[in-house]
Amino acid sequence: MSRSLPAQPKIQVFPDYEALSRAAARVVAGRTRANPEAVLLLPTGTTPLGMYRRLVEMHAGEGLSFARATFFNLDEYLGLTADHPASYHVYMRENFYGLVDADPRRVHVPEGNAPDPQAECERYERMMAEVGGVDLCVLGIGRNGHIGFNEPGAPFDSRTRIVRLAETTRLVNAGDFEGGRAPERAITVGMRTIFESREILLLASGANKAQAVAAAGGEVSEAVPASMLRRHPAATFLLDREAASAVGEIS
Ligand code: GLP
C-alpha cells in the first residue's frame, strides 16, 4: 500500500459510520470535560447525526454536561424563520441543543430571517470574537468540497457572510423543502473564521463523499474549500472506510 497521505490534516479511518460517530463524540466530550466553558462551532447535515445521538446518550447516561459551553452553528438558510422545519434552528433543537443541558443564552444559530442580514453576519462574527474565538469546530463536507456553506471559490480570508448556494448543493438539499427547492442563499461562517478555530474535526461518511475527501487532501485551493484544512495545525479528518476510499488518488 503506497498511498500518499497528506501530511496534514491527520486522517483517522473507522470501519463504519457508528465507529466514526462515536470517535467524534469522544473528542467533543473530552474537550468539553477538560474545558466546561469550551466554545464549539457545529455542523448540520446527516453526517453529524450519529455524533449528536452519542453525545445525548453521554449526557443522559454519563452526566456529560454542556451547561457552561458556548455553541455556534456554521450556517443557516437565508429567509427561513427559526421554526421552519428545514431550518438549522429546528435541526439543532431536535437533534442536540433541546436534548442536553445547553444554556439557551449560549446557543447561537444565524438568524436566517433577520431584517438586516448583513448586520446579522457582523453580529454573529462579533459574538464569536467576544467569547475568545472557537476552541473546537466540527465540520461535515459537501460533495463538492464545501464546508459550512462555503462553496467552491469561497475566499480563504472570508468571514461570516451571505452566500449564494451552488446548484448542486440546492439539489442535494432539495428534499428538505416543500416543492423540492432549497433557498438560493444562506448565511455561513467564513473560511477564515473556521480556520482560526483552535482545533478542527471534519467528518465524512459514505462513498458519495470519497471524491470530495480525496480532493481535500490534494492541492490547497479555493476551488476545494476543505483543502484549506491541510494548512491547519490541528485538523483531523474522521472518515469511514467508504469516505476514505479515494484518499491519495488526487494530488
Ligand atoms: C450541508 C451543510 C454543511 C454540511 C454538508 C454535508 O449543506 N450546510 O454544513 O456539512 O451540506 O451534509 P451531509 O452531512 O448531509 O452530507
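Here is a quick tour of one protein chain and the ligand it holds. Keep in mind that you're looking at a predicted model. The ligand sits in the largest pocket, and the protein covers 88% of the 390 Å² of accessible area that the ligand has on its own. After the ligand, we'll drop in on some helices, a loop and a few single residues.

**The ligand and its surroundings**

- Start with the pocket: the ligand is found in the largest one.
- Which residues are around the ligand? They are G45, T46, T47, D75, Y88, G140, I141, H146, G148, F149, N173 and K209.
- Look at the side chain of H146, where an N or O atom is 3.1 Å from an oxygen atom of the ligand.
- N173 has a side-chain N or O atom 2.9 Å from a ligand oxygen.
- For K209, the distance between a ligand oxygen and an N or O atom of the side chain is 2.5 Å.
- How much of the ligand's own accessible area does the protein cover? Of the 390 Å² that the ligand has on its own, 88% is covered.

**Where helices α1 and α2 meet: S21 and G50**

- You'll find S21 in helix α1, which runs through residues 17-34.
- Is S21 buried or exposed? S21 has a relative accessible area of 2%, so it counts as buried, since the cut-off for buried is under 20%.
- Skipping residues up to four places away in sequence, S21 touches G50 and M51.
- G50 belongs to helix α2, residues 49-62.
- G50 is buried too, because its relative accessibility is 5% and buried means under 20%.
- Seen from G50, the contacts are Y17 and S21, again not counting residues up to four places away in sequence.
- For a sense of scale, G50 and G218 are 168 residues apart along the chain, and their C-alpha atoms are separated by 28 Å.

**Helix α3**

- Helix α3 covers residues 88-95, and its buried residues are Y88, H89, V90, Y91 and M92.
- What do those buried residues pack against? Their partners are β2 (39-42), α2, β3 (70-73) and β4 (75-77).
- Y88 links two parts of this tour: it is one of the buried residues of α3, and it is also among the residues around the ligand.

**R123 in helix α4**

- R123 has its place in helix α4, which spans residues 117-130.
- With a relative accessible area of 31%, R123 is partly exposed, because that label goes to values between the 20% and 50% cut-offs.
- The side chains of R123 and E120 are joined by a polar contact of 2.8 Å.
- Along the chain, R123 and T160 are 37 residues apart, while their C-alpha atoms are separated by 9.2 Å.

**F195 in helix α6**

- F195 is part of helix α6, residues 191-195.
- F195 comes out as partly exposed, with a relative accessible area of 26%.
- Which residues does F195 contact, leaving aside neighbours within four places in sequence? They are I200, M228, R231 and H232.
- Between the C-alpha atoms of F195 and F156 the separation is 8.4 Å, with their positions 39 residues apart along the chain.

**A207 in a loop**

- A207 is in the loop that runs between β9 (199-204) and α7 (210-216).
- Is A207 buried or exposed? Its relative accessibility is 52%, so A207 counts as exposed, the cut-off being over 50%.
- A207 and E151 are 56 residues apart along the chain, and 20 Å separates their C-alpha atoms.

Methods. Residues are numbered from 1 along each chain as its sequence is written. This is a predicted model: local features need pLDDT of at least 70, side-chain atom pairs count only at pLDDT 80 or more; totals for chains, interfaces and linings use all residues. Side-chain values use heavy atoms; hydrogens and water are left out. Helices (H or I, at least four residues) and strands (E, at least two) are DSSP runs, numbered from the N terminus. Buried means under 20% relative accessible area, exposed over 50%, partly exposed in between (1.4 Å probe, protein chains only). Contact means heavy atoms within 4.5 Å. A residue is near a molecule or strand if one of its heavy atoms lies within 4 Å of it. A polar contact is a pair of N or O atoms within 3.5 Å; within protein, one must be able to donate a hydrogen and the other to accept it, and residues adjacent in sequence count only if both atoms are side-chain atoms. Accessible areas come from the Shrake-Rupley method with a 1.4 Å probe; for residues, only the protein chains shown count as cover. On a 1 Å grid over the protein atoms alone, a cavity is a set of points where a 1.4 Å probe fits but cannot get out, and a pocket is an open set with protein on both sides within 12 Å along at least five of seven lines; lining residues have an atom within 4 Å of a point. A molecule sits in a cavity or pocket if more than half of its atoms lie within 2 Å of its grid points.
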